[in-house]
Amino acid sequence: GGGGGGGGGGAATLVRDLSELDLSSLGAEPHVLAFGDVDGLEALAEATYGQVVVGRAPAALAAKYGGKEAPAVAMLPFGAAEKAAKKAVSFAADATGLDAAKKGALASLPDSFVDKLGQGSPDMFFSAALTQTAAKAACLLFSDKAEVPPIFRSLSMAFEGQMQFGFAPPAMMAQFNIDRAPALLVLWNENEGKDEQDAQAGMKLTGARFMPQVHGKFSYGNIAAFVASVVEQRLQMLGAHAGGAKPAGGEGEGGRRKAAGAGKDVGPPPELSAANFEAECTQRGGLCAVGLLDGGPDNGNKEAQLAVLAKLRRRGAGGPLSYSWLDATCHTDFVAAFGLGETDLPTMLVLSPGKARWARSVGAFDAETLGAFGNGVAAGRRATESIDAVPALQEVDCASVARGADAVAEDDALGDEIMAEILEEERREREAREAEAAAVAAAAAAGGGQDEGGVAKDEMSELQRMEAEVEQCGVEDLLCKARNEKQLKAIEKRRQLEEKLAKIAKKKKKAKAKAKKAAKKGA
C-alpha cells in the first residue's frame, strides 16, 4: 500500500507533494503523478528511486494532465519539463495503471550517455574514459540484456563528466575475468600519476567491482553510492577536489541539469526557529536534512559550513530532502533530545517527522560526505533510530544565549549553589548524629581511640567513623539492635550523599575542561 492523495505530511518518505507552481517548473526527469487518492505510490517511489520522480498533485489538475477526473495517474516522459501538460500520458489509478506508467517513465530515460561496446575494440572507449573524465575512470556494466537498463542510464547522467559509462555484452566478460552477469566494474589506469618509468610502461587497468554481498542488492541507491565512493577516491588520488556529481538520486550536476537547463536559484538554507519549523520541516513531506551548527559569533567556520549546506540544497532541489540549519548552541534542548551536544558539532540530522525516525551523519562536514549520507537515508540504506516525537523548537533569543565558556561559567555557579545546599544539610545531620552518639564515642575513646583495624579516629573519613560506631549486639539486646538499625540507615544516607557529591565533582571537572577547550578555540 502506501499513500493517498493530498498533503500527507511525512507519511511517504520518497513521494513528493507537488503544487501547481511546482508542476510549472519541473526538471527533466520522468515523472509519475497521482491526482487524488491513489494507492501504491510509496512502493513505486522506492522501486524507481533515482530514476523517476513520483509525486502527488492537486486533484483539480487531473484533466489538465490527460485524465478525466481524479483519481487519475499521469506519466511525464524524460525531458517534458515546461511542456509537461502537453506530453503527459494518462493511466488508470490502479496497480495496473501505475505499473504501466512506471514502465513508460523508465523507457523514456535516454541511453545516449552510455557507450555500447562489443562492436570492435574498446580502446577508443578507454582512451576517452581515462583521459577526458574527472576521475579518469570507466564504469562497465556486463549484461546479457539487449537494452541498457534504466538504472544504468540514470547513473550515467548523474555522474556525467565524472567517468565514462559503457554497456558490455557477455562476449567481453572473459576479457575482464567476469564469470557471470550482471556485473559492474569501475576501472582506471594503475600507472596514472606515477613516476615516468611506470608511465612509460603504458596503461595497466585495475579497479573495483560492485559486490552485492558487500554493497547490497543491485539498486540505483547502492550502485550510486559505490560509484560515488570510487569517484571520491580517484579525485583524491589525482589531487583534485571532489565536486560535480551528486552521489545518489535526484538531479546530478551533469547530464540532467544540461537537459533541463540551468537550475533555478533556490536561495540559502533557512535557519530553523520555533516560527518556521513546521513550514520548513514538518509540513514539507519527505525528509528534513538539518545542519547542526554552532551559530555563535566565535565560530569562524560558520560561513563555510553554511556554504556546504547551500551546495546540498542546490543539488537536491526537488528531491526527497529539505535542507535547513539550526543554531545548535542556542537550541540545546532540541539537540539534547537526540543525545547530542556542542562537542558533536558540526553535524547533520536527517529527520522523518511523519515516521518519528532520525539518523545522524558521522564523518567530514562536506558536501560529498553529507550528500551520500542523506541519500543513503532516503534510499533506506542507512539505519535510522526511532524517537517518541520530533521535539518542538522553543522561542529563544539566540543573541542573548550564553555560549562556550560563558555557558560553562553559569553551570559552575549553579553547581556551586547545589553543592553548598548539600553540604549544609550534611553538616546539620552530622551535628545531630554526633550529639546522639557522644556517649558511644567517649567509650570508644576510652578504649584507646582506635578501631579494631588500628586506624586512629581522627584519621578516619566520616563514613568510616559511622561504620566504626556500629555496635556488637547480643542476641536479646533489643535496644542495641534499635541503635544499630538507626546507625545503619544514617550510614546508607551518608553513602548516597557521597556518591551524589562525587557526581557533581565529576560534572564540574568536565565543565572546566570544556571551558578550557572553548577558551583555546576562541583564542
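The following exercises, each with a worked solution, concern a predicted model.

**Exercise 1. Disulfides**

Find how many disulfides the model contains, and describe the geometry and surroundings of each.

*Solution.* Taking a pair of cysteine sulfur atoms within 2.5 Å as the criterion, one arrives at a count of 2 disulfides. Cysteine 281 is joined to cysteine 288 with an S to S distance of 2.0 Å, and the 115 degrees about the S-S bond make the link of cysteine 281 and cysteine 288 right-handed. Both ends can then be classified by the threshold for burial, which is under 20% relative accessible area: cysteine 281 is buried at 1%, and cysteine 288 is buried with a value of 1%.

Cysteine 330 and cysteine 398 form a disulfide whose sulfur atoms are 2.0 Å apart, and with -85 degrees about the S-S bond the link of cysteine 330 and cysteine 398 is left-handed. Because cysteine 330 sits in the loop between strand 12 (321-327) and helix 13 (332-336), while cysteine 398 sits in the loop between strand 15 (385-386) and helix 15 (404-436), the pair ties together parts that are 68 residues apart in sequence. Cysteine 330 is buried at 7% relative accessible area, and cysteine 398 is buried at 17%.

**Exercise 2. An open sheet and its helices**

Work out the strand order of the open sheet of 5 strands, and identify which strands helix 12 and helix 14 touch.

*Solution.* The order is 12-11-13-14-15, with mixed pairing. Strand 12 and strand 15 stand at the edges with a single partner strand each, so one side of each has no neighbour in the sheet. Strand 14 (residues 357-360) pairs with strand 15 in the antiparallel sense over 2 bridges, and arginine 357 has serine 386 in strand 15 as its bridge partner. Helix 12 (residues 302-315) packs on the sheet by touching strand 11 (287-293), strand 12 and strand 13 (347-352), and its direction makes about 165 degrees with that of strand 12. Helix 14 (residues 367-378) also packs on the sheet, where it touches strand 11, strand 12, strand 13 and strand 14, at about 20 degrees to the direction of strand 13.

**Exercise 3. Nonpolar cores**

Determine how many residues the largest nonpolar core has, and which helix gives the largest share of it.

*Solution.* The largest nonpolar core has 66 residues, and those with the most contacts inside it include Phe152, Leu184 and Val227. The largest share of this core, 9 residues, comes from helix 9 (residues 220-237). Leaving aside residues up to four places away in sequence, valine 227 touches Cys139, Leu155, Phe159 and Met163; of these contacts, cysteine 139 is buried, with a relative accessible area of 0%. A second, separate core of 19 residues includes Phe277, Cys281, Ala328 and Ala356.

**Exercise 4. Unusual backbone values**

Locate the cis peptide bonds at proline 71 and proline 182, and then decide whether asparagine 177 and alanine 356, both with positive phi, are buried or exposed.

*Solution.* As background, most residues other than glycine have a negative phi, and most peptide bonds are trans. Alanine 70 and proline 71 are joined by a cis bond with omega about 0 degrees, and proline 71 is in the loop between strand 3 (53-57) and strand 4 (72-76). The bond from alanine 181 to proline 182 is cis, with omega near 0 degrees, and proline 182 is in the loop between strand 8 and strand 9.

Asparagine 177, with phi near 60 degrees, is placed in the loop between strand 8 and strand 9 and is exposed at 70% relative accessible area. Alanine 356, with phi near 55 degrees, lies in the loop between strand 13 and strand 14 and counts as buried at 15% relative accessibility.

Key. Residues are numbered from 1 along each chain as its sequence is written. This is a predicted model: local features need pLDDT of at least 70, side-chain atom pairs count only at pLDDT 80 or more; totals for chains, interfaces and linings use all residues. Side-chain values use heavy atoms; hydrogens and water are left out. Buried means under 20% relative accessible area, exposed over 50%, partly exposed in between (1.4 Å probe, protein chains only). Helices (H or I, at least four residues) and strands (E, at least two) are DSSP runs, numbered from the N terminus. Two strands pair if DSSP finds at least two bridges between them. Contact means heavy atoms within 4.5 Å. Axes are lines fitted to C-alpha atoms, for helices over the stretch in contact, and angles run from 0 to 180 degrees between N-to-C directions. A nonpolar core is a set of buried Ala, Val, Leu, Ile, Met, Phe, Trp, Tyr and Cys residues joined through side-chain atoms within 4.5 Å.
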